[in-house]
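User: I have a structure open and want the reasoning behind its labels. Take me through them one at a time.

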Amino acid sequence: MSVIGAGYLGAVHAACMAELGHEVVAIDTDAGKVASLAQGRAPMYEPGLDDLLARALATGRLTFTTDYALAADADVHFICVGTPQRHGENAADTSYVFGAADALAPHLTGPTLVVGKSTVPVGTAARLRDRIRSIAPAGDDVRLAWNPEFLREGFAIEDTVRPNRFVYGVDSPATDPGRADTDLLDRVYAEPLSTGIPRLVVDFATAELVKVAANAFLATKISFINAMSEVCEAAGGDVVALAGAIGMDDRIGPKFLKAGIGFGGGCLPKDIRAFMARAGELGADQALTFLREVDAINLRRRARMVDLAREACGGTLRGKRVAVLGAAFKPNSDDIRDSPALDVAAACRMAGARVTVHDPKALDNARVRAPELDYADAVTECLAGADVVLHLTEWTEYRELDPAELIALVAAPVVIDGRNALDVDRWRGAGWTYRALGRPTV
Ligand code: UGA
């Protein structure tokens with residue numbers, strides 16, 4: 001098989017498919033990325049990925065290249081390129097998807113299956129099929145399927161080989177049983193399917209929508225609890241206790257109800273915006289108006305965090321030292337795309353504070369994105385002389401810090417927990433003033 005695009009999705013997919021026993025050629029236009037992957041170095045931090053790459057490369061079943069001609073013999077081609085938010089717009093930029101298809105198609109000389117995995121606006125698969133067929137020498141012998149990916153950063157390998165479901169979007173599943181496409185995908189995923197993971201066969205549009213609907217639901221769940229957090233702040237309630245209580249109803253469930261500074265990353269924020277934009281194009285904009293509110297609640301939490309920091313510093317951040325624990329958009333990742341943590345840090349800096357950021361993995365990326373901030377390789381260095389400490393990404397190592405040891409380092413022992421993840425009693429017991437979003441009474 002070929003895997004086109006060796007970013008988060010593609011690099012993990014390629015390595016996992018080789019691990020499952022397939023012959024994989026992974027193609028990316030970035031020669032630097034290809035060279036480092038070929039030496040077993042992933043372009044991002046993902047637990048277990050470097051080891052997996054080393055194992056897969058050693059078998060000889062995995063190769064990385066910039067040359068699309070090497071994809072010519074593959075039975076199946078996975079398109080795994082990014083679909084970022086278009087500059088200045090809500091819509092997704094699908095130019096990499098169509099660019100990949102244009103580069104691949106001239107090499108498709110016989111019957112083959114192209115499988116889209118990228119997150120795309122509904123309607124893309126049908127357009128992509130027509131485009132590839134119009135370019136490929138094999139014409140209509142090229143088939144297309146849509147097989148969305150649900151991997152979470154930090155759990156990318158597990159989510160690829162043990163997803164909670166496989167979704168295959170095939171061409172007209174009702175009239176044409178789509179058996180050939182389904183059978184081929186079943187062969188690709190034979191090992192995980194043998195463990196009983198469900199697999200659903202649907203049409204293109206449904207497959208494309210499953211992905212964005214899932215991300216929209218997750219974003220809505222987070223913003224719901226963050227809206228409750230705002231109400232708790234106004235009414236004097238405790239959002240953590242509230243989330244625990246409603247989560248015990250198994251129709252609601254406890255997952256994705258962690259209140260804090262909200263969601264970020266390369267997926268949830270841009271996916272809900274692209275979904276709204278696409279619904280608008282389809283004349284169904286009213287159906288998704290609520291996602292505008294989901295987005296707004298999410299961004300308000302970042303602003304509220306800055307307000308709490310300002311309050312803690314006596315009404316102004318000007319000239320204050322702010323220590324920020326966390327830069328990545330979530331723990332176990334070095335990804336700082338639309339990171340709430342980095343956004344809050346930058347806003348404190350804009351408000352006149354001197355901000356020092358620590359993160360176990362994301363500092364190199366953060367330094368490039370926000371060079372105006374100071375960075376510390378050690379937590380102790382980050383906290384030195386701080387007027388307030390902001391806990392913004394819930395890395396395990398921050399939960400394991402000893403607040404009694406740290407108190408001597410800071411100018412004022414005030415911690416604001418933007419992820420509701422620290423042990424309140426421990427920090428309080430060690431003499432810290434502890435504040436958190438949605439917990440005015442704690
Ligand atoms: C998300 C989805 O969870 C994946 O299923 C999907 O495949 C992926 O996007 C994608 O489209 O590629 P990911 O971006 O890795 O995965 O991150 P999540 O674990 O969903 O977390 C997103 C953000 O929500 C993080 O900033 C996290 O801190 C925040 N979050 C999560 C909360 O604020 N509260 C919660 O309760 C859960």
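User: Why is T160 called buried?
Analyst: This is a predicted model, and the values are computed from it. The relative accessibility of T160 is 5%. Buried means under 20%, so T160 counts as buried. T160 sits in helix α6, residues 156–161.

User: Which residues is T160 in contact with, leaving aside its neighbours within four places in sequence?
Analyst: V12, H13, C16 and M17, along with E149 and L151. Contact here requires heavy atoms within 4.5 Å.

User: What makes Y8 buried or exposed?
Analyst: Its relative accessible area is 14%. The cut-off for buried is under 20%, so Y8 is buried. Y8 belongs to helix α1.

User: What does Y8 touch, not counting residues up to four places away in sequence?
Analyst: M44, Y45 and E46, then L151, E153, G154 and A156.

User: What makes the pairing of the Y8 and E46 side chains a polar contact?
Analyst: The distance is 2.4 Å. The limit for a pair of N or O atoms is 3.5 Å, so the Y8 and E46 side chains are joined by a polar contact. The Y8 side chain also reaches the backbone oxygen of Y45, at 3.5 Å.

User: How far apart are the C-alpha atoms of Y8 and T29?
Analyst: They are separated by 14 Å, with the two positions 21 residues apart along the chain.

User: How do you know whether A26 is buried or exposed?
Analyst: A26 has 1% relative accessibility. Set against the threshold of under 20%, that value makes A26 buried. A26 lies in strand β2, residues 24–27. Beyond four places in sequence, A26 contacts V3, A14, T63, F64 and T65. The C-alpha atom of A26 is 28 Å from that of G196, 170 residues apart along the chain.

User: Which residues of α2 are buried, and what covers them?
Analyst: The buried residues of α2 (31–38) are V34, S36 and L37. Their cover includes α1 (8–19), α3 (49–59) and β3 (62–65).

User: What makes D30 a cap of α2?
Analyst: A side-chain oxygen of D30 lies 3.0 Å from the backbone nitrogen of G32. The polar-contact limit is 3.5 Å. D30 therefore caps the N-terminal end of α2. Past the helix comes G40, with a positive phi near 85°.

User: Which residues of α10 are buried, and why are they said to share a side?
Analyst: In α10 (239–247), the buried residues are V239, A243 and G247. They cover an arc of only 65° around the axis, so they fall on the same side of α10. In an α-helix there are 3.6 residues a turn, so residues three or four places apart point the same way. The cover over the buried residues of α10 includes α9 (204–235).

User: What caps the N-terminal end of α10?
Analyst: D238 does, with a side-chain oxygen 2.9 Å from the backbone nitrogen of V240.

User: How do α9 and α11 pack?
Analyst: The angle between α9 and α11 (268–281) is about 115°, and their axes are 9 Å apart. The crossing is left-handed. On α9, the contact is made by L209, K211, V212, A213, N215, A216, A219 and I222. On α11, L268, D271, I272 and F275 make it. The residues of this contact divide into nine nonpolar, one polar and two charged.

User: Why is F256 called partly exposed?
Analyst: Its relative accessible area is 36%. Partly exposed lies between the 20% and 50% cut-offs, so F256 is partly exposed. F256 sits in the loop between α10 and α11. Its phi is near 60°, positive in a residue other than glycine.

User: And what makes N332 partly exposed?
Analyst: At 30% relative accessible area, N332 is partly exposed by those cut-offs of 20% and 50%. N332 is in the loop between β9 (321–325) and α13 (340–350). Phi of N332 is positive too, near 65°.

User: How do you know whether H358 is buried or exposed?
Analyst: The relative accessible area of H358 is 3%. With buried set at under 20%, H358 is therefore buried. H358 is in strand β10, residues 354–358. A polar atom of its side chain lies 3.4 Å from the backbone oxygen of D377. Beyond four places in sequence, the contacts of H358 include V324, L325, L363, C382 and Y398.

How values were computed. Residues numbered from 1 in each chain as written. Predicted model: local features only at pLDDT ≥ 70, side-chain atom pairs only at ≥ 80, totals over all residues. Heavy atoms only, no water. Buried < 20%, exposed > 50% of the residue type's maximum accessible area, 1.4 Å probe, protein only. Helix = DSSP H or I, 4+ residues; strand = E, 2+ residues; numbered from the N terminus. Arc of directions from axis to C-beta. Polar contact = N/O pair within 3.5 Å; in protein donor to acceptor, adjacent residues only side chain to side chain. Axes fitted to C-alpha atoms, helices over the stretch in contact; angles between N-to-C directions. Left-handed = near helix turned anticlockwise from the far one by under 90°. Nonpolar A, V, L, I, M, F, W, Y, C, P; charged D, E, K, R; others polar.
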